[in-house]
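Grab a pencil and have a go at these exercises. Try each task yourself before you read its solution.

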Amino acid sequence: MACERLSTDGVGVIEFESVSKTFRDGTTAVVDLTLTVPSDQITVIVGPSGCGKTTTLRMINRMIEPTSGRILWDGTPLHSKKKTTLRRQMGYVIQSGGLFPHRTVLDNVGTVPGLLGWDKSKTRQRSIELLDSVGLDRALADRYPAQLSGGQQQRVGVARALAADPMVMLMDEPFSAVDPVVRAELHEFFLGLQRQLSKTIVLITHDIDEAIKLGDQVAILRVGGTLAQVGTPQQLLDEPADAFVEGFVGRDRGYRALSFSSAANLPLKRVTAVRDPSLARPGEPTLVVDADARPLGWADAERPGQVFQLGATFDPEQDTLRAALDSALTSPVGLAVAVPTATDRYAGVVSAADILAQVTQSRAALAETLSIREVEAEQSTSESSAEVSSSRSAEDDNAMRAS
Ligand SMILES: Nc1ncnc2c1ncn2[C@@H]1O[C@H](COP(=O)(O)OP(=O)(O)OP(=O)(O)O)[C@@H](O)[C@H]1O
Ligand SMILES: [Mg+2]
């Protein structure tokens, strides 16, 4: 979900100005951090264990105070705001949900509204709505956290943080305690929710894949608590600032970069589609579909009547080249099957070779944009140095007149 420009106006902008934190025992967790968290977007802070991520997050709701520098919220220094007010205006999600074990799901979700003094029926109403919006069955409302799966607990944690409709959400490794499949589901749910709610979100992870998938902006910290680079996921992949970032972003970053190109322009081709697998044509891939043109699998003339697994399909309207390539690579006939979610119907196929051709094209387009940017940067530098020299000569003139 990379985007070109990050908005820094509106409500919910957090600015770190040269912020450092050294704990009493002398441990330095964060050093000279300058970072702007734009409003209504997801900023991910990523880095190895102990690099100061949690410390950075906790300075935003003043659970930890900086040793030097300051943090502003929409231009107002945080230290001029009351801690309790601040924490109620900021949702906070911690690893494993951090739920109260002796409170029911509904009471957990209603914690902050309760603290804010909302009446019971309003709190209950709001909590039930939130269970719906995080995709949890109302039947779970009266259970205790221990009676939920890890993924359900995370959703309750997110619902609880959203309860008082905070402007800012602080999320410390919210998805790390669940298995990869549940995690991928939670990512989709989270991105969908953010499309509706548009909160300012600061999310922490040590997983660069998660950072790239979720972040509009990603800040990479290195051990010792310094900022290594901040940018959109695409900027980090295309132009890593140094060897640390390059190493952290990983060797397969070329593959990751596929996540930023839409599959919408892939050239889809048609193959023979049949409802009866015994009608497979010899020597050509034959797709088996149901009465509504939904793909079921592949047929093979040499093994009449059998249906072979379809592999993963992709949605050309929503998925990226990465999903399409994965789909082609998992297909028994090497063809990715396009199935728009809107219709659920077979819309065409594309081979891995055609997907790679598309990648080559977008790389060429990217190289062109980068070189245009370089030329523009050079031009603006020479323009500003021209301005400097003309203002210098004006100063010189004044000096000469004065003398
Ligand atoms: N209260 C404290 N007193 C002293 N040192 C602390 C304190 N809290 C954290 N630290 C130290 O500060 C550094 C940064 O800790 P922090 O919890 O911010 O790291 P992190 O990036 O969140 O790590 P992880 O990925 O393991 O959660 C670590 O060296 C940690 O031991
Ligand atoms: Mg941490």
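**Exercise 1.** Which helix gives the most to the shell around ligand 1?

*Solution.* Keep in mind that this is a predicted model. Start by finding the residues around ligand 1: they include Phe23, Asp25, Ser49, Lys53, Thr54, Thr55 and His206. Now look at helix 1, which covers residues 53-60. Helix 1 is the top contributor, with three residues in the shell.

**Exercise 2.** How many nonpolar, polar and charged residues does the shell around ligand 1 have?

*Solution.* Sort the shell by class. You should end up with three nonpolar residues, seven polar ones and two charged ones.

**Exercise 3.** Is Asn265 buried or exposed?

*Solution.* First, locate Asn265: it sits in the loop between helix 11 (253-257) and strand 11 (272-274). Next, count its neighbours: 12 other C-beta atoms lie within 10 Å. A residue counts as exposed if that number is 12 or fewer, so Asn265 is exposed. While you're there, check Glu317: Glu317 is 52 residues away along the chain, and its C-alpha atom is 9.1 Å from that of Asn265.

**Exercise 4.** What is the strand order in the open sheet of three strands?

*Solution.* The order reads 15-16-17, and the pairing is mixed. Strand 15 (313-314) and strand 17 (348-351) are the edges, each pairing on one side only. Strands 15 and 16 pair in the parallel sense, over two bridges. For a bridge partner, take Phe314: its partner in strand 16 is Ala338. Finally, helix 12 (residues 321-330) lies across strands 15, 16 and 17, running at about 125° to strand 16.

How values were computed. Residues numbered from 1 in each chain as written. Chains lettered and ligands numbered in written order. Predicted model: local features only at pLDDT ≥ 70, side-chain atom pairs only at ≥ 80, totals over all residues. Helix = DSSP H or I, 4+ residues; strand = E, 2+ residues; numbered from the N terminus. Buried ≥ 20, exposed ≤ 12 C-beta atoms within 10 Å, placed from the backbone. Near = placed C-beta within 6 Å. Nonpolar A, V, L, I, M, F, W, Y, C, P; charged D, E, K, R; others polar. Pairing = 2+ DSSP bridges. Contact = placed C-beta atoms within 7 Å. Axes fitted to C-alpha atoms, helices over the stretch in contact; angles between N-to-C directions.
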